[in-house]
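Let's take a walk through this protein, strand by strand, and see how the pieces sit together. Have the viewer open and follow along.

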Amino acid sequence: MALFSDLGDRRELEKKAKAEGRLPPGQSLTLKWPVLHYGTIPVFDPAKWDFQISGEVEEPKRLTWTEFRALPQSEVTSDFHCVTRWSRLDNRWKGVLFTDVLKLVKVKPAARFASVLAEEGYTANIPLEDLLRPNVLFAFEHDGQPLTAEHGGPMRLIVPHLYGWKSVKWVRGFVLLDHDRLGFWERNGYHAYGDPWKKNSATPQKKSTAPAPSNRLAARSKLSPPNSAAPRRRSEPLHDFSYTMERDCTQGTYSMNKANSSNRARIILAALVLLFGAYWAGARFSPRQPTRVEAVPLGSGSPASSAVAQRDAALTEDESINVRIYRQVSPAVANVLTKATEYDFFMEAVPVEGAGSGFVIDPRGYILTNYHVVEGAQSIEVVLGDQSKYPAKFVGADQRNDVALVKIDPKGKHLVALTLGDSAALQVGQKVLAIGNPFGFQSTLTTGVVSALGRTVQTSQTTFIDEAIQTDAAINRGNSGGPLINTHGEVIGINSAIFTPSGTTAGIGFAIPINTAKSIANDLITDGKVHRAMLGVETIPVSGWLGEALDLPVQEGLLVEVVTKGGPAAASGIRGGDRVAQAGMRKIHIGGDVIVALDGQKVASSLDVNVVLNRKRPGDTVKVSLYRGGKKIDIPVKLGESNGN
């Protein structure tokens, strides 16, 4: 492919590519590969290089460079779409197909996602189904030449149908997972999937793409805030807040047109002068911002009790409730601070911090919070309402329900522990109060009512809030993990998510019912793990086309592909697929039972199954309604216990 010699030719070719449907919306055509690399490029040493496969496989696999190059090689021609809005067509790649690499290990049925690993700790998350496409490969060569180090050599992953940052440079292996674990750029606000053909898949969206509220909301904002005092914070995966740093489609690089470097330098210099002037003027004349935002500890500099009583007497009944609850609860509400290590734009290790809320549930030092508040933390610090600070230890979590338990050592100090109420007794219209640390402002009280009950709020592909408590009490980033309180001072929920088009409160917040959290906390304190019920099947949703293609008796349900050997379903006689068929780009096991209901509740997705199992315990019996052939039957299944989180 020759370089463009004329702008008119390029425009004609671009017009043709658009007409053929090869150029995604907003992309421009190029024949160049415009990468100028900043930062170090990993040094390739064949003697030390290895490739590792681990996770949801029967046995991990490690390959040397010689062993990997000896694998069967294939050639693929595909288009390449960079998130910086350029596309290069008809790239010729040579390397090893992902499917050929996967043949080296025995994949467990639970594997659904992959975390692709590269040099310098870089990662990217990709659904396994996408990696199984026939044109996905680990490339050594590009257009007949060895892949250069600047473009990811000696080897990079190529996933043509996704944006280029998913085509990981300097790849060194992958981990198969049963859940989606966001990669580097995804954790920093970029789209979790990165489809160039879909709107808002390129950069962080300022407007939520979640559907309108319903009984199954898929909207979620992780609420652990950046602390305003720190230069950089651990990001909030799965929430579309702006992250303004632009980058090349590959990790650790910027895209730059050399011909415009001089002009850009002048523009940048002028912008810097303007910014400096604006900063000076603001610093000289604008109002000062507070330098400390924590609340004054209760009792610190407080007036005499007679004066307090006199002020209390002037309060309305509603104000008296708010003041009483705040005094009673705030000492036990914690600011949960976390520290971890991530990698910056130049793949340098950077200490990052996060913050959220929590609350003491036991005088021995047990504190409940959200799992996403402490996820990936290397150290945890707890600051209580009286400003006392304690290092905390992670006890355990239930990731599916987004509940975590940490513990501090009070060292003989008496801790105020909150009373846990009964979320099952709630009614719509009841007054509730939320206490937490939004945007780092410690011990902030907001009030509202229970707006709705019984919703199932899906928070990711594998997590949800079952029987969610919806409230209009103002909840913002940083309230995550804080208590939702009734007027008796009892905790009835854990604030966890908001539905918002702007990133701040819109009057629609969701809390995890405290009854769910109580069961999880009891398991963790007593046994050190959460006891979760398991059915023991791997399924695929039966959509209209699949039902027709397989001549199934129903158009909605779950086709059982695999039954876990020795699991509850297998012991009860549920059958999995007995032959393999090709469905688009995916191979599926067909011939198995089609599950349509659990305990009389219709199921059409894995979420439906998880909602039912979430309300069960290992050892409980569930009635599985299924079709075998054209006959509907009910099978009782005694549930087992899941080994994973």
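Start with strand β1 (residues 28-29), which runs parallel to β6 and is joined to β6 by two bridges. Ser28 in β1 has Trp86 in β6 as its bridge partner. A word on the vocabulary: strands are DSSP runs of E with at least two residues, helices are runs of H or I with at least four residues, and both are numbered from the N terminus. Two strands pair if DSSP finds at least two bridges between them.

Before going further, some housekeeping. This is a predicted model, in which local features need pLDDT of at least 70 and side-chain atom pairs count only at pLDDT 80 or more, while totals for chains, interfaces and linings use all residues. Residues are numbered from 1 along each chain as its sequence is written, and side-chain values use heavy atoms, with hydrogens and water left out.

Back to β6, which has several partners. Strand β5 (residues 74-82) pairs with β6 in the antiparallel sense over eight bridges, and Ser74 stands opposite Gly95 there. Three residues lie between β5 and β6 in a hairpin, and Arg85 in the turn has a positive phi of about 80 degrees. β9 also runs antiparallel to β6, with five bridges joining them; Lys94 stands opposite Glu141 in β9. So how enclosed is strand β6 (residues 86-97) by the rest of the structure? Largely, because nine of its 12 residues are buried. Buried here means under 20% relative accessible area, exposed means over 50%, and partly exposed is in between (1.4 Å probe, protein chains only).

Now move to an open sheet of five strands, with mixed pairing and the order β4-β3-β12-β7-β8. Its edge strands are β4 (61-64) and β8 (123-127), each pairing on one side only. On average, neighbouring strands in this sheet are turned by 15 degrees against each other, direction ignored. β3 is a handy place to see the mixture: β3 and β4 pair in the antiparallel sense over four bridges, while β3 (residues 50-55) runs parallel to β12 (residues 171-177), again with four bridges. The β3 to β4 connection is a hairpin of five residues. Gln52 has bridge partners on both sides, Arg62 in β4 and Gly173 in β12. Ile53 stands opposite Phe174 in β12.

The loops hold some backbone oddities. Asp143, in the loop between β9 (137-142) and β10, has a positive phi of about 50 degrees although it is not a glycine. Asp143 is partly exposed, at 23% relative accessibility. Trp170, in the loop between β11 and β12, also has a positive phi, near 50 degrees, without being a glycine, but Trp170 is buried, at 4% relative accessibility. In the loop between β10 (145-146) and β11 (156-158) you'll find Pro154; the peptide bond from Gly153 to Pro154 is cis, with omega near 15 degrees.

Further along, Asp578 sits in the loop between α12 (568-572) and β31 (579-583). Asp578 is exposed, with a relative accessible area of 58%. Leaving out residues up to four places away in sequence, Asp578 touches Ile590 and Gly591 (a contact means heavy atoms within 4.5 Å). Asp578 and Ile590 are 12 residues apart in sequence, and their C-alpha atoms are 6.2 Å apart.

Zoom out to the whole protein, and there are 13 helices and 37 strands. Buried residues make up 49% of the 645 residues. Among contacts with a separation of 6 or more, 66% join residues 24 or more positions apart. In soluble globular proteins, nonpolar side chains tend to be buried together. The largest nonpolar core here has 48 residues, and Phe359, Leu368, Leu384, Ile408 and Phe510 have the most contacts inside it. Apart from that core lies another, of 39 residues, including Leu128 and Trp185. Such a core is a set of buried Ala, Val, Leu, Ile, Met, Phe, Trp, Tyr and Cys residues joined through side-chain atoms within 4.5 Å.

Finally, confidence. The protein averages a pLDDT of 79 (the predictor's confidence in each residue, from 0 to 100), and 78% of the residues score at least 70. Over residues 202-248 the pLDDT stays under 50, and over residues 252-262 the pLDDT is below 50 as well.

Technical notes: Axes fitted to C-alpha atoms, helices over the stretch in contact; angles between N-to-C directions.
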